[in-house]
Amino acid sequence: MLDSHFFSYADGTLCCEGLRLDGVAEQFGTPLYVISRQSLVSQFKAFEAAFAALPHFTCYSVKANFNLSVIRALAAEGCGCDVNSGGELYRALKAGVSPDRIIMAGVGKSEQEIEYALNSGVLLLKAESVSELRAIDRVAGRLGKVASVAIRINPNVTAETHPYITTGDSKEKFGIDEAELGEVFGLFRSLPSLALQGLDMHIGSQIFDPEYYVAATQKLLDVLDSARSLGFDIKWFDIGGGFPVTYDPQKPATPIERFAEKLVPMLEGQGVTIIFEPGRFIAANSTVLLTRILYKKRNHVGKEFFIVDAGMTELIRPALYQSHHEVLSVTRREESVVADVVGPVCESSDFFARQRMIDNASEGELLAVLSSGAYAAVMGSNYNGRLRPAEVMVDGGEAKLVRQRESYEQLVQNEI
Ligand SMILES: Cc1ncc(COP(=O)(O)O)c(C=O)c1O
């Protein structure tokens with residue numbers, strides 16, 4: 001069981017902030033995401049406390065969980081937003097975040113997205129290629145604006161994590177190669193509608209070893225020196241997100257303070273404001289996916305399956321990244337069993353747990369898939385004609401619907 005103040009058993013029933021999850025499922029149906037608001041806020045505060053010694057601006061990476069209520073809860077605490085597309089920018093603005101507290105990433109922003117960002121007045125556009133810089137200049141010029149730009153550097157640091165979520169390596173598509181920096185600095189001199197205001201990197205996600213940050217930050221500091229020696233006034237120094245969380249109690253994440261211990265001495269006194277873009281760290285353990293056991297079956301080789309009403313359409317991480325999620329019975333059972341917890345989708349990769357010892361819950365009972373707050377609902381799909389589930393947010397013992405369950409009509413509403 002993950003050590004969480006926000007999801008814990010009381011009298012044998014799993015609760016969120018003290019609210020019984022069986023009651024929540026009864027009220028809102030399943031599959032259902034249950035988000036603890038207090039968990040979101042407490043993770044944000046823990047992050048802020050760790051880096052309090054630095055002048056900094058934390059921009060929650062909206063891609064981790066873009067529900068408007070999640071964005072609002074964090075913005076209310078003073079958190080900014082890092083968005084990766086026009087759609088995420090729309091969400092952040094819709095949630096009431098001031099544009100000057102929004103920064104925009106994205107390796108392939110379209111001209112429409114650049115125009116939308118510039119017209120909205122975002123704080124920074126993070127550019128990832130020479131061609132993109134030219135596009136930003138073109139669009140800004142057309143609009144009669146000067147774009148505030150940060151350049152995302154590819155520091156060529158290969159962080160040890162799942163290969164699909166390492167982004168700071170020269171093999172990957174992200175960022176500007178160091179060999180191109182001369183040309184890039186030249187562009188800021190020659191193109192009239194660009195202002196170089198920041199340096200940026202993001203080396204990946206779920207990174208356990210602070211040394212990867214140290215290596216990449218050192219490279220970015222070297223770029224800061226070069227930029228300054230050329231006369232650029234750099235205000236923002238963005239070291240991205242990627243800070244880890246515990247999914248599997250056997251593999252506890254490195255505490256955030258260990259990252260701060262290494263990074264604060266490197267970054268203090270540099271005369272820049274540090275931007276952080278944590279996503280997973282804030283959202284992952286804020287949410288459980290509640291699902292009901294539809295059927296149980298045991299095959300002739302003695303393998304037991306729990307077939308539940310949620311699937312890879314709600315949480316693709318086990319299929320995509322072979323990731324571990326704890327699965328708990330909402331009502332505690334004395335007896336356990338080794339089983340596969342699988343969904344209803346027609347794919348063998350549609351599973352939450354394989355050969356896992358879990359409480360021997362019965363058909364019709366509820367399971368909770370933990371750590372379903374980041375890269376879960378946002379990666380959901382309608383594959384197999386499945387309806388996107390409802391989401392509720394619990395705050396101080398009360399559950400509020402923050403996303404309605406999709407209907408069959410909505411499933412086809414954009415089709416002719
Ligand atoms: C540019 C950028 N910033 C921040 C993040 C957030 O990463 P994490 O959720 O691991 O903190 C990502 C995620 O991949 C990203 O691409």
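Helices here are DSSP runs of H or I with at least four residues, strands are E runs of at least two, and both are numbered from the N terminus. Keep in mind that you're looking at a predicted model.

**Exercise 1. Place Gln322 in the chain and decide whether it is buried or exposed.**

Step 1: Find its neighbours in the chain. Gln322 sits in the loop that runs between helix 11 (317-321) and strand 15 (327-329).
Step 2: Check the backbone. Its phi is near 55 degrees, which is positive, and the residue is not a glycine.
Step 3: Count C-beta atoms. A residue is exposed with 12 or fewer others within 10 Å. Gln322 has 11, so it is exposed.

**Exercise 2. Do the same for Asp11: which loop holds it, and is it buried or exposed?**

Step 1: Look between strand 1 (7-10) and strand 2 (13-16), because that is the loop with Asp11 in it.
Step 2: Read off phi. Asp11 shows a positive value of about 50 degrees, although it isn't a glycine.
Step 3: Count again. Asp11 has 7 C-beta neighbours inside 10 Å, so it counts as exposed.

**Exercise 3. Find out what is special about the peptide bond from Thr30 to Pro31.**

Step 1: Get the omega angle, which is near -10 degrees.
Step 2: Name the form: this bond is cis.
Step 3: Locate Pro31, which belongs to the loop between helix 1 (21-28) and strand 4 (32-36).

**Exercise 4. Work out whether Lys63 is buried or exposed, and what it is in contact with.**

Step 1: Go to the loop between strand 5 (56-61) and helix 3 (68-75), where you'll find Lys63.
Step 2: Apply the cut-off: buried takes 20 or more other C-beta atoms within 10 Å. Lys63 has 22, so it is buried.
Step 3: Skip the neighbours within four places in sequence, and its contacts are Asn84, Glu88, Gly279 and Val378.
Step 4: For a sense of distance, compare His325. It is 262 residues away from Lys63 along the chain, and their C-alpha atoms are 20 Å apart.

**Exercise 5. Find the largest nonpolar core and say where it lies.**

Step 1: Take its size, 123 residues, and note that Leu21, Val34 and Ala368 have the most contacts inside it.
Step 2: Ask which element gives the largest share. That's helix 8 (residues 210-229), with six residues.
Step 3: Bring in the domains. Domain 1 (7-36 + 284-412) and domain 2 (105-278) both supply residues, so the core lies between them.
Step 4: Zoom in on Leu21. Beyond its neighbours within four places, its contacts include Val34, Leu290, Val330, Leu366 and Ala368.

**Exercise 6. Describe how domain 1 and domain 2 meet.**

Step 1: Start with their C-alpha centres, which are 36 Å apart.
Step 2: Count the residues in contact: eight from domain 1 and five from domain 2.
Step 3: Sort the domain 1 side by class. You get three nonpolar, five polar and no charged residues.

**Exercise 7. Which residues come nearest to the ligand?**

Step 1: Gather the residues around the ligand; there are 17.
Step 2: Pick out the nearest ones: Ser61, Ser205, Gly241, Gly279 and Arg280.
Step 3: Split the shell by class, and you have six nonpolar, seven polar and four charged residues.
Step 4: Link back to Exercise 4, where Gly279 turned up as a contact of Lys63.

Note on methods:
Residues are numbered from 1 along each chain as its sequence is written. This is a predicted model: local features need pLDDT of at least 70, side-chain atom pairs count only at pLDDT 80 or more; totals for chains, interfaces and linings use all residues. A residue is near a molecule or strand if its C-beta atom, placed from the backbone, lies within 6 Å of it. Ala, Val, Leu, Ile, Met, Phe, Trp, Tyr, Cys and Pro count as nonpolar, Asp, Glu, Lys and Arg as charged, and the others, Gly among them, as polar. A nonpolar core is a set of buried Ala, Val, Leu, Ile, Met, Phe, Trp, Tyr and Cys residues joined through C-beta atoms within 7 Å. Domain bounds come from an automatic or database domain assignment. Two residues are in contact if their C-beta atoms, placed from the backbone, lie within 7 Å.
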